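Q: I should like to learn how to read a protein structure, feature by feature. Could we take one example and work through it together?

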Amino acid sequence: MARIHSSATKPEVLVRHWLWNHGYRYRLNVKGVPGKPDIVMRRYHTAIFVNGCFWHGHENCFNYRKPKSNIEFWEKKISRNQERDQENYRTLQENGWQVIVVWECQLAPKHIEQTMSEVEVLLNDKFLSLYQKHNKVVYHQSEDGQKLPMAAETNPKYRDNKKYQNERN
Ligand SMILES: [Zn+2]
């Protein structure tokens with residue numbers, strides 16, 4: 001097996017590769033999205049943050065070890081990061097974005113599949129809710145009396161009557 005280049009094991013890259021390999025497309029470094037999310041998926045109105053457990057202060061994390069020196073300095077710095085994170089998430093949510101936070105420790109080889117499956121569920125739920133908002137599902141009666149779901153666009157286009165008649169003539 002080829003040795004994996006160290007940059008390919010960065011948490012953010014692991015998430016990107018998983019999404020890409022499962023057919024999800026995304027954008028990086030998108031301007032105008034608050035909080036500079038690591039991964040932006042406009043189709044899903046979703047912003048993904050891939051957080052390092054230390055820098056972002058992952059609570060109760062098995063991966064997180066408290067620093068042994070300069071404790072006060074680190075604690076201040078990390079709690080500032082946490083506050084900023086929360087503010088970014090709030091702003092995004094207020095603007096209709098779904099925010100997903102993936103922690104570094106959740107991407108360990110034995111956890112990554114579970115973690116990303118959960119991310120996938122969230123993406124699809126959001127996609128479905130967006131779809132339902134834009135497309136009313138209406139029912140029509142089929143000849144044998146069964147109700148069949150039929151997707152209707154919010155602004156259906158009707159045939160131009162004149163054109164229709166010309167076609168028929
Ligand atoms: Zn963690």
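A: Let us begin with a pair of strands. Strands of a sheet pair through backbone hydrogen bonds, either parallel or antiparallel. In this predicted model, E1 and E2 run antiparallel and are joined by 3 bridges.

Q: Which residues stand opposite each other in this pair, and what lies between E1 and E2?
A: Valine 40 stands opposite alanine 47 in E2, and isoleucine 39 has isoleucine 48 of E2 as its bridge partner. The two strands form a hairpin with 4 residues between them. In the turn, histidine 45 has a positive phi of about 45 degrees.

Q: In which sense does E2 pair with E3, parallel or antiparallel?
A: Strand E2 (residues 46-51) pairs with strand E3 (residues 98-103) in the parallel sense, over 6 bridges. One of the facing pairs is asparagine 51 and tryptophan 103 of E3.

Q: What is the order of the strands in the sheet?
A: The order is E1-E2-E3, in an open sheet of 3 strands with mixed pairing. E1 and E3 are at the edges with a single partner strand each, so one side of each has no neighbour in the sheet. From one strand to the next, the twist averages 20 degrees.

Q: How should one read the two faces of a strand such as E2?
A: The general idea is one of alternation. In a regular strand the side chains alternate between the two faces of the sheet. In E2, Thr46, Ile48 and Val50 are on one side, while Ala47, Phe49 and Asn51 are on the other, and all of these are buried. Both faces of E2 are therefore covered. Because 6 of the 6 residues of E2 are buried, the strand is largely enclosed by the rest of the structure.

Q: Which element connects E2 with E3 in a β-α-β unit, and what is the handedness of that unit?
A: The element is helix H2 (residues 71-94), and the β-α-β unit that it makes with E2 and E3 is right-handed. H2 is followed by glycine 96, which has a positive phi near 85 degrees.

Q: How can the length of H2 be checked, and is this helix enclosed or in the open?
A: Length can be judged from the rise per residue. At 1.5 Å a residue, the 24 residues of H2 should span 34 Å, and the end C-alpha atoms are 35 Å apart, which agrees. The number of buried residues among the 24 is 1, so H2 lies largely in the open.

Q: Which residues of helix H3 are buried, and what covers them?
A: An α-helix has 3.6 residues a turn, so residues three or four places apart point the same way. In H3, the buried residues include Met116, Val119 and Leu123. Their cover includes helix H1 (11-21), strand E1 (39-41), E2 and E3. H3 lies across E1, E2 and E3 and runs at about 175 degrees to E3. Helix H3 (residues 112-134) has 23 residues and reaches 33 Å from its first C-alpha to its last, close to the 33 Å expected at 1.5 Å a residue.

Q: Why does leucine 123 count as buried?
A: Leucine 123 has 21 C-beta neighbours inside 10 Å, and the cut-off for a buried residue is 20 or more. Leaving aside neighbours within four places in sequence, leucine 123 is in contact with Tyr24, Met41, Tyr44 and Thr46. The C-alpha atoms of leucine 123 and methionine 41 are separated by 9.0 Å, although these residues are 82 residues apart along the chain.

Q: How many residues form the largest nonpolar core, and which elements contribute to it?
A: In soluble globular proteins, nonpolar side chains tend to be buried together. Here the largest nonpolar core has 19 residues, and Val15, Ala47, Ile48 and Val102 have the most contacts inside it. The elements giving two or more residues to this core are H1, E1, E2, E3 and H3. E2 gives the most, with 4 residues.

Q: What is the pattern of the protein along the sequence, and what share of the residues is buried?
A: The pattern is α-β-β-α-β-α-β-β-α, with 4 helices and 5 strands. Buried residues make up 17% of the 169 residues. Of the contacts with a separation of 6 or more, 53% are between residues 24 or more positions apart.

Terms used: Residues are numbered from 1 along each chain as its sequence is written. This is a predicted model: local features need pLDDT of at least 70, side-chain atom pairs count only at pLDDT 80 or more; totals for chains, interfaces and linings use all residues. Two strands pair if DSSP finds at least two bridges between them. A crossover is right-handed if, with the strands pointing away from the viewer, the path from the first strand over the helix to the second runs clockwise. The expected span of a helix is 1.5 Å times one less than its number of residues. A residue is buried if 20 or more other C-beta atoms lie within 10 Å of its own, exposed if 12 or fewer, and partly exposed in between; C-beta atoms are placed from the backbone. Two residues are in contact if their C-beta atoms, placed from the backbone, lie within 7 Å. Axes are lines fitted to C-alpha atoms, for helices over the stretch in contact, and angles run from 0 to 180 degrees between N-to-C directions. A nonpolar core is a set of buried Ala, Val, Leu, Ile, Met, Phe, Trp, Tyr and Cys residues joined through C-beta atoms within 7 Å.
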